[in-house]
Amino acid sequence: MSDLVQKLTANLKHQLDVIYSGISLNRSTDQLADELIDWMNLDDVTQEPKPFTNHWDESDAVLITYGDSIERKNGYSVTEAPLKTLHSFVSGPLKAAFNAIHILPFYPYSSDDGFSVINYSVVNEALGDWHDIRRLSADFRLMSDLVINHCSSRSVWFDQFIKGESPGRDYFRTELPSTDLTKVVRPRTTPLLRETETAHGVQHVWCTFSPDQVDLDFTNPDVLIEFVKIVRLYLDQGVRIFRLDAVAFLWKETGTSCINLRQTHEIIRLLRTLVEHACHDAVIITETNIPNQENLTYFGNANEAHCIYNFSLPPLLVNTLVSGDSTHLKRWLMTMPPCQDGTAYFNFVASHDGIGLRPVEGLLSEKELNGLINTMMGFGGRVSMRTLDDGSTRPYEINIALFDALQGTHAGPDKWGVQRFIAAHVIMLALEGIPGIYIHSMLGTRNDYARFENTQHNRHINRHRWDLGELEAQLGDAQSTHAQVYNRLIAILAIRRQQRAFHPNATQFTLQLGPHIFGIWRQSIDRRQSIFCLNNVSDQTVELSLIDINLIDSVTWIDLLTGQAIPDHQATLSLPPYGSLWLSNA
């Protein structure tokens, strides 16, 4: 055994000792470490990962999509594997804007549009096959979900659990219904325990999210090994970015909140250790839809998640644009620590789920939160709830297409919808971190009421499936809002990826320019480029004195968004409603 493998083994053993402290195992942690190394094919690893290494730069942007968000149809029949259709579509103008693509769960599933996985090892045949996935990974950096907290109640593992057969019989978390579970943090309103008839009698299975999503029991190290095998498979198929879905709920201990526990953090560290040794530029992103300060803990000491979802950004940014006041957005941004090298924020405004509300706990008042919810409901949105420990319910997320969410202000719909929508992305794209854009934002997709009515699933309002022919017709019509949004965002992304000051780890400073102007200053790591990102977040024209941002007189300044030079550094500029400037030194 080489010195490097010995060091890796010792590191894994330490992590396993932390995870399984106080748990009686059927083999030693030394043996477990050896098994993990074998399954990850690390027996002959020759290079140690270099800590604090950024695996990203200003050219990185991630397109987020389902495998079937775009379908080629003849009437109601899909005539081509959707993953092939998707690959063809994203190989057009979008390829100049994005170098990475997140394909949301593409495995066989029983519910929740892929997040109730039946089989982690195959591609859903309704979408395509592994060849289609590999083709996408050849042209884009591929991001994939590791749905690690739970699996489908129709999986082979759960069938084995019901029958009392190995190995699945020991893979799931059960609890006595008499156990006091009132401290457990819930993201849903469904019962936590599911009564299930098994070969060994009635069992009560833990279900954090739904009765069809049965929670796995990671106190059994064989469950950890199963997921390490899955990680190795995904690496072999071209996946380089792993999104750990719902990972905050992974470890359960009765008498606790069963969220963000120490063992959960240590399992993420262990997965990072394995992934980095197997592929030095592979990245782990944690999806933890929780209050902001809790979310930040998933960076660990730059040894846990490479990136965390910046969950507070979507509700704060939407609230800013519908209220015309950037105060809360600026206040939050000033509390966000700069990321160490080797870590980065993953920024987004819209996702396949909804606008999470837990991440603004303590950031928006109850009155402001209710005002945001009421405005979104007025724009056609829905609200999903969660259960509190006293049995009451509370809003968990707003379900709405972002284009509809930004069609107006608290006063109602207005004529500034497209400008407001573009402004949201201009702001997000300027922030410290790696940007991710949901495909339906790129396409300016509206609320899908028909799909929602058909399924009565709130999240389906923002999970439209486009017919390729209809989409191409819309994008070919320069007057359509879809074409306006698509072309404008592609142009902005193309500009952004050329700016060193937009490196995810470049310096960021929040400017104080009053409530109606949101401004930040970005400076490249080599300090050669500065960009002042200035945005009117209101529906009124706002005057901006350049004296207030302290431009250096000896330098020529250019608005990157228009290409126009700013000859007078003491001028007062008029920013139209939702207008933006990216002022860069030439």
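Partly exposed here means a relative accessible area between the buried class, under 20%, and the exposed class, over 50%. N41 has 48% relative accessibility, so it counts as partly exposed. Keep in mind that this is a predicted model. Below is a quick tour of its salt bridges, its odd backbone spots, a charged surface patch and a few other residues.

**Salt bridges**

- The structure holds 31 salt bridges.
- One of them pairs R463 with D113, with the closest N and O atoms 2.8 Å apart. This pair ties together distant parts of the chain, 350 residues apart: R463 sits in the loop between α15 (449-455) and β21 (466-467), and D113 in the loop between β5 (100-103) and α4 (130-139).
- Both ends of that bridge are out of the way: R463 is buried because its relative accessibility is 1%, and D113 is buried too, at 10%.
- R269 and E304 also meet through their side chains in a salt bridge, at 3.2 Å from N to O. Here the partners are 35 residues apart, with R269 in helix α7 (residues 262-278) and E304 in the loop between α8 (292-296) and β13 (307-309).
- E304 has 0% relative accessibility, so it counts as buried. R269 comes in at 19% and therefore counts as buried as well, given that the cut-off for buried is under 20%.
- A further salt bridge joins the side chains of R386 and E361, at 3.5 Å from N to O. R386 belongs to strand β16 (residues 382-387), while E361 lies 25 residues away along the chain, in the loop between β15 (355-356) and α11 (366-378).
- This pair is a mixed one for accessibility: R386 is buried at 8%, whereas E361 is partly exposed at 31%.
- Salt bridges with shared partners also build one network out of D113, D353, E397, R451, R459 and R463.

**Backbone oddities**

- As a rule, most residues other than glycine have a negative phi, and most peptide bonds are trans.
- N41 is not a glycine, yet its phi is positive, about 55°. N41 is in the loop between α2 and β1.
- Y578 is another non-glycine residue with a positive phi, about 60°. Its loop runs between β28 (572-575) and β29 (580-585), and Y578 counts as buried because its relative accessibility is 4%.
- S166 and P167 are joined by a cis peptide bond, with omega about -5°. P167 is in the loop between α5 (156-163) and β8 (193-198).

**A negative patch**

- What makes up the negative surface patch? D30, D34, D38, D43 and D44 form it.
- Of these, D43 lies in the loop between α2 (29-39) and β1 (62-65). D43 has 45% relative accessibility, so it counts as partly exposed.

**Other residues to look at**

- S530 is part of strand β24 (residues 530-536) and is buried, at 12% relative accessibility. The S530 side chain makes a polar contact of 3.1 Å with the side chain of W521.
- K330 lies in helix α10 (residues 327-335). Is K330 buried or exposed? K330 is buried, because its relative accessible area is 6%.
- K330 and L32 are 298 residues apart along the chain, and 47 Å separates their C-alpha atoms.

How values were computed. Residues are numbered from 1 along each chain as its sequence is written. This is a predicted model: local features need pLDDT of at least 70, side-chain atom pairs count only at pLDDT 80 or more; totals for chains, interfaces and linings use all residues. Side-chain values use heavy atoms; hydrogens and water are left out. Patches are made of residues with over 30% relative accessible area and no salt bridge: like charges are joined within 9 Å, nonpolar side chains (Val, Leu, Ile, Met, Phe, Trp, Tyr) within 5 Å. Accessible areas come from the Shrake-Rupley method with a 1.4 Å probe; for residues, only the protein chains shown count as cover. A salt bridge is a side-chain nitrogen of Lys or Arg within 4 Å of a carboxyl oxygen of Asp or Glu. Lys and Arg count as positive and Asp and Glu as negative; His and the chain ends are not counted. The place of a charge is taken as NZ of Lys, CZ of Arg, CG of Asp or CD of Glu. Helices (H or I, at least four residues) and strands (E, at least two) are DSSP runs, numbered from the N terminus. Buried means under 20% relative accessible area, exposed over 50%, partly exposed in between (1.4 Å probe, protein chains only). A polar contact is a pair of N or O atoms within 3.5 Å; within protein, one must be able to donate a hydrogen and the other to accept it, and residues adjacent in sequence count only if both atoms are side-chain atoms.
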